[in-house]
Amino acid sequence: MSAPSWPWAASVASAATYRTSYIPKTPGETKLNHNEAPEDLDGELKAEILSRLAQLPWHRYADPDGAGVRQALAAATGHPLAGVAVGHGANDLIARLMFALTPDTPVVLVEPDYYVHGRSAQLAGQRPLRVALRRAGATYALDVDGILAAAGRGPALLVLSNPNNPTGSLFAAAALDRLLAEFPGAIVLDEAYAEFAGHTRQADLATHSNLAILRTLSKAHALAGVRLGYLLGSAEVVAQLDKLQPPYPISVLQTVAAEVALSHGERARQRVAAVVAERQQLRTELRALGVDVLDSHGNFLLAAFGERRSAVLAALARAELAVRDVGDLPGAPGCLRVSIGAPAANARLLAAVKQALDG
Ligand SMILES: Cc1ncc(COP(=O)(O)O)c(C=O)c1O
């Protein structure tokens, strides 16, 4: 008999732990590396959340269905309540979705895209298949024929972020229309940045039961630390995902913070408008320095620095600015992804880039 051991799934044992550059390198570092909201949640909203939290019993389990959050999300989005799932960030919903599929399902992903989609597929024992995006001017486009060829006859799952992270591209309506008409399986559109694009494919949910849309309160609602993501889809998808929740999954903090944030939708809209204005300005200014910057519909920019990438990274580090180095990822050679910060941080970024390029 061999020595007793843990029966790990090969997909888990072979995976690396997810690590991001989370820990600041200096106490004064400004984070422009995780596409978070540049400013903390307004004090008034925080006070409202805390005062409502103080009145709730903490020794009792929270509502097992997260009913309050789901109702607030159904009201805010206009989507039927039975088609709203909630999770600990969109990441949790992505992971559960992958575990809900038949093992070894082909999961078609685009490249580059949000790393967590492929990672979750791999961990759950699915078969990730990657199809490269195509550069078209200042944006990236979907290779619809490539995606359909990768899926074969199905069944398969297609997952892509729109706007895409890290490129910021919003995919052409005609390409998505064709995928909705021809993809032989289910489609998940990760719309984590939809508010910054002012665009959603939510209307397609009414006619396509094979479509689901992921969203989050981490970005436009400035609640990344609270962890609340949601899925809009059919009642069937929600029922399957709900089975994979542990009991009492949504805490009282998540419930109250989400309800308060959603009841102040105008604050999110103001926040988004400020980020979009800064994004446009920063893009124009970087282009004026000769930097190849893509058009972006998210709260970040992707800029290609080629051989100057290390020099720019060093200058940014000296200016105590953390950005995401995606230069070694397939599809983003020599690129840095920069989250849009507060105006002062964006000005520091511009000065540091200028210094690196002049030097
Ligand atoms: C495309 C995309 N989806 C989801 C997430 C994570 O969302 P959450 O914080 O809700 O887990 C991110 C975060 O960067 C993202 O870029």
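Select the ligand and the 13 residues around it; of these, Gly89, Asn91, Thr216, Ser218 and Gly229 come nearest. The model on the screen is a predicted one. Colour the shell around the ligand by class, and four nonpolar, eight polar and one charged residues appear. Which helix gives the most to this shell? Helix α4 does, with three residues.

**Helices α4 and α5**

Keep α4 (residues 89-100) on display and add α5 (residues 115-123). The two helices pack at an angle of about 35°, and their axes are 8 Å apart. Their crossing is right-handed. To view the contact, show the side chains of Asn91, Ile94, Ala95 and Met98 on α4, then those of Val116, His117, Ser120 and Ala121 on α5. The residues of this contact comprise five nonpolar, three polar and no charged. Asn91 deserves a second look, as it belongs to the contact with α5 and is also among the residues that come nearest to the ligand.

**Helix α3**

Next, select residues 67-77, which form helix α3. Which residues of α3 are buried? Val69, Arg70, Ala72 and Leu73 are. Turn the model until the view runs down the axis of α3: the buried residues fall within an arc of 165°, so they line one face of the helix. To see what they pack against, add β2 (84-87), β10 (229-232) and α10 (252-263). Just after α3 comes Gly78, with a positive phi near 75°.

Move back along the chain to Pro57, in the loop between α2 (43-55) and α3. Is Pro57 buried or exposed? Only 12 or fewer other C-beta atoms within 10 Å make a residue exposed; Pro57 has 8, and therefore counts as exposed. Select Val252 as well: 195 residues separate Pro57 from Val252 in sequence, yet their C-alpha atoms are 8.9 Å apart in space.

**The loop between β7 and α7**

Now select Asn164, which lies in the loop between β7 (156-161) and α7 (173-182). Asn164 has 26 C-beta neighbours inside 10 Å and is therefore buried, since 20 or more are required. Leaving aside residues up to four places away in sequence, Asn164 touches Asp113, Tyr140 and Ser169. A further selection is Ala192, which is 28 residues from Asn164 in sequence and 9.1 Å from it in space, C-alpha to C-alpha.

**Backbone details**

Most residues other than glycine have a negative phi, and most peptide bonds are trans. The next selections depart from these patterns.

- Select Asn162 and Pro163: the peptide bond that joins them is cis, with omega about 0°. Pro163 is in the loop between β7 and α7.
- Select Gly154 and Pro155: a cis peptide bond, with omega about 0°, joins this pair. Pro155 is in the loop between α6 (144-151) and β7.
- Select Asn35, in the loop between β1 (30-32) and α2. Its phi is positive, about 55°, although Asn35 is not a glycine. Asn35 is buried, with 23 other C-beta atoms within 10 Å.
- Select Asp104, in the loop between α4 and β3 (106-111). Asp104 is not a glycine, and its phi is positive, near 70°. With 9 C-beta neighbours inside 10 Å, Asp104 counts as exposed.

Note on methods
Residues are numbered from 1 along each chain as its sequence is written. This is a predicted model: local features need pLDDT of at least 70, side-chain atom pairs count only at pLDDT 80 or more; totals for chains, interfaces and linings use all residues. Helices (H or I, at least four residues) and strands (E, at least two) are DSSP runs, numbered from the N terminus. The arc is that of the directions from the helix axis to the C-beta atoms. Two residues are in contact if their C-beta atoms, placed from the backbone, lie within 7 Å. Axes are lines fitted to C-alpha atoms, for helices over the stretch in contact, and angles run from 0 to 180 degrees between N-to-C directions. A crossing is left-handed if the near helix is turned anticlockwise from the far one by less than a right angle, and right-handed if clockwise. Ala, Val, Leu, Ile, Met, Phe, Trp, Tyr, Cys and Pro count as nonpolar, Asp, Glu, Lys and Arg as charged, and the others, Gly among them, as polar. A residue is near a molecule or strand if its C-beta atom, placed from the backbone, lies within 6 Å of it.
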